Amino acid sequence: MLALTACTSRGEPEPAPTTPSPTVDLPAKQPPKPVPARWPLTGVAGEVQQRPAMSVKVENSAAARPQTGLEAADIVWEEMVEGGITRFNAVYHSVIPEEIGPIRSVRPMDAAISAPLHGLLVFSGGQPRFVQQMRGAGLQVLSHDEGAPGMHRVGFRRAPHNVYGNGPQLLGQADSDHSAPPSEQLAYAWDPARATAVLAGAPASSLRLAFPAAAPGWTWDAAADQGRGGPAGGWVRDEGGAAQASAAGTPIVATNVVVLRVQVVDTGTRDPAGNPVPETVLTGEGEAVVASGGKVVNARWSKPGAADPLALVDGAGKKVELVPGNTWIELVPTSGGNVSWQ
């Protein structure tokens with residue numbers, strides 16, 4: 001046994017020498033830079049307030065001009081109503097003006113315009129079936145005819161052009177189901193120079209629109225600036241060649257103008273004067289024109305359902321990105337309407 005033990009001990013291998021591993025100092029991983037907050041309806045950087053979007057029906061007849069508070073809207077939709085004239089659905093979120101008006105009645109397409117915002121819709125009245133459509137779209141309705149607070153009649157205009165509203169008081173009525181900020185409705189480029197029309201559009205100095213009984217236009221002014229955080233430059237609005245300004249004397253300026261070619265159908269109803277009430281069809285898809293940064297590009301629009309936001313794509317099917325700022329959306333009929341630029 002001793003002999004065996006001795007042989008076994010002498011046969012064990014010596015432990016191999018160890019070499020310490022070199023120490024490598026890796027650079028500390030930098031945390032990603034925080035993405036700046038942007039107002040969802042303009043794409044402008046800023047401290048977003050936790051409040052809902054508020055759509056207000058604003059009149060655009062000759063008797064209603066100049067309007068009050070229109071220049072403060074984030075998005076304005078121009079829609080055709082009876083007689084081929086137009087009316088506005090003005091959406092407020094980043095700025096809430098003290099006074100807005102004249103406020104007029106609701107139309108059926110306002111449900112598809114405002115439903116994606118999940119906020120408030122303010123108007124003076126409307127046919128019961130149309131008012132019910134607004135509620136059915138999930139909007140909180142504030143109607144002057146129903147006695148909603150925050151609206152009043154002014155003495156310097158005759159009815160029905162004299163209903164005005166107090167912005168903060170109207171917004172303060174938001175209930176718990178309609179108090180959240182809206183989601184982004186349109187796409188905005190982080191860098192204005194990378195906006196779709198700026199990159200791929202054709203230079204344009206003016207944009208002319210034709211409704212059956214209205215002829216708004218937009219002229220590019222590289223020095224125009226609304227002072228709301230976006231870059232300098234904007235499209236200045238006119239009505240039939242006459243410059244349009246707010247009641248405060250502020251020119252109506254848009255950072256982006258989006259023209260949708262749309263179908264308009266007869267609702268089968270009539271207004272108090274006996275005129276047929278039209279409805280703009282805002283589901284489906286169609287041709288579009290996008291104007292940003294002094295350039296214009298052709299595009300296509302789509303909206304699968306009333307509650308879905310508007311989508312814009314270019315000729316290659318890529319999402320259209322706008323310049324951060326306010327946007328006017330023009331709903332120009334395919335029949336009886338026209339759009340041109342130069």
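User: Where is the place of Pro66 in the chain?
Analyst: Keep in mind that we're looking at a predicted model here. Pro66 is joined to Arg65 by a cis peptide bond, with omega about -5°. As for its place, Pro66 sits in the loop between β1 (54-59) and β2.

User: Which residue is joined to Pro102 by a cis peptide bond?
Analyst: Pro102 lies in the loop between β4 and α2. Most peptide bonds are trans, so a cis one is worth a look. Here omega is about 0°, and the residue joined to Pro102 is Gly101.

User: Is His118 buried, exposed or partly exposed?
Analyst: You'll find His118 in the loop between α2 and β5. Its phi is near 55°, a positive value in a residue other than glycine. Buried means under 20% relative accessible area and exposed means over 50%. The relative accessible area of His118 is 48%, so His118 is partly exposed.

User: How many helices and strands does the chain have?
Analyst: Let's zoom out to the whole chain. It has 342 residues, and 50% of them count as buried. Its secondary structure adds up to five helices and 22 strands.

User: Among contacts between residues at least 6 apart in sequence, what percentage join residues at least 24 apart?
Analyst: For this one, start with the contacts in the chain whose residues are at least 6 apart in sequence. Then keep the ones that join residues at least 24 apart, and the share is 64%.

User: Which residues of helix α3 are buried, and why are they on the same side?
Analyst: Helix α3 covers residues 128-136. Its buried residues span an arc of only 100° around the axis, which means they sit on the same side of α3. On the face turned away from that buried side are the exposed residues Pro128 and Gly136. The buried ones are Phe130, Val131 and Met134.

User: What covers the buried residues of α3?
Analyst: Both a helix and strands are on the list. The helix is α2, and the strands include β5 (120-123), β6 (140-143), β16 (264-270) and β17 (276-280).

User: Which residue just after α3 takes a positive phi?
Analyst: Look just past the end of α3, where one residue has a phi of about 90°. That residue is Gly138.

User: How many cavities of 30 Å³ or more does the structure have, and how much space lies in the largest cavity?
Analyst: A search of the whole structure turns up one cavity of 30 Å³ or more. The space in the largest cavity is about 100 Å³.

User: Which residues lining the largest cavity are the closest to its centre?
Analyst: β2 (75-80) and α2 (110-114) each give at least two residues to the lining. By type, the lining splits into eleven nonpolar, one polar and two charged residues. There are 14 lining residues, and the closest to the centre are Ile75, Trp77, Ile113, Leu117 and Gln185.

User: What about the largest pocket: which residues lie nearest its centre?
Analyst: The largest pocket holds about 430 Å³ of space. Its lining divides into seven nonpolar, nine polar and nine charged residues. Of the 25 residues lining this pocket, those nearest the centre are Arg87, Arg104, Ser105, Arg107 and Pro272.

User: Which residue in β11 is the bridge partner of Leu207?
Analyst: Strands β10 (residues 206-210) and β11 (residues 216-221) run antiparallel, with three bridges between them. A hairpin of five residues takes the chain from β10 to β11. The partner of Leu207 in β11 is Trp218.

User: Which residue in β12 stands opposite Pro216?
Analyst: Now go from β11 to β12 (residues 234-239). These two strands are antiparallel and are joined by six bridges. Opposite Pro216 stands Glu239.

User: Which are the edge strands of the open sheet β4-β8-β7?
Analyst: This open sheet has three strands with antiparallel pairing, in the order β4-β8-β7. An edge strand pairs on one side only, and here the edge strands are β4 (99-100) and β7 (151-153).

User: Which residue in β8 is the bridge partner of His152?
Analyst: β7 and β8 (residues 163-166) run antiparallel and are joined by three bridges. Across in β8, the partner of His152 is Tyr164.

Definitions and conventions
Residues numbered from 1 in each chain as written. Predicted model: local features only at pLDDT ≥ 70, side-chain atom pairs only at ≥ 80, totals over all residues. Heavy atoms only, no water. 1 Å grid on protein atoms, 1.4 Å probe; cavity = no way out; pocket = protein on both sides within 12 Å on 5 of 7 lines; lining within 4 Å. Points joined across faces, edges and corners; volume = space filled by probe spheres on them. Helix = DSSP H or I, 4+ residues; strand = E, 2+ residues; numbered from the N terminus. Nonpolar A, V, L, I, M, F, W, Y, C, P; charged D, E, K, R; others polar. Buried < 20%, exposed > 50% of the residue type's maximum accessible area, 1.4 Å probe, protein only. Arc of directions from axis to C-beta. Contact = heavy atoms within 4.5 Å. Pairing = 2+ DSSP bridges.
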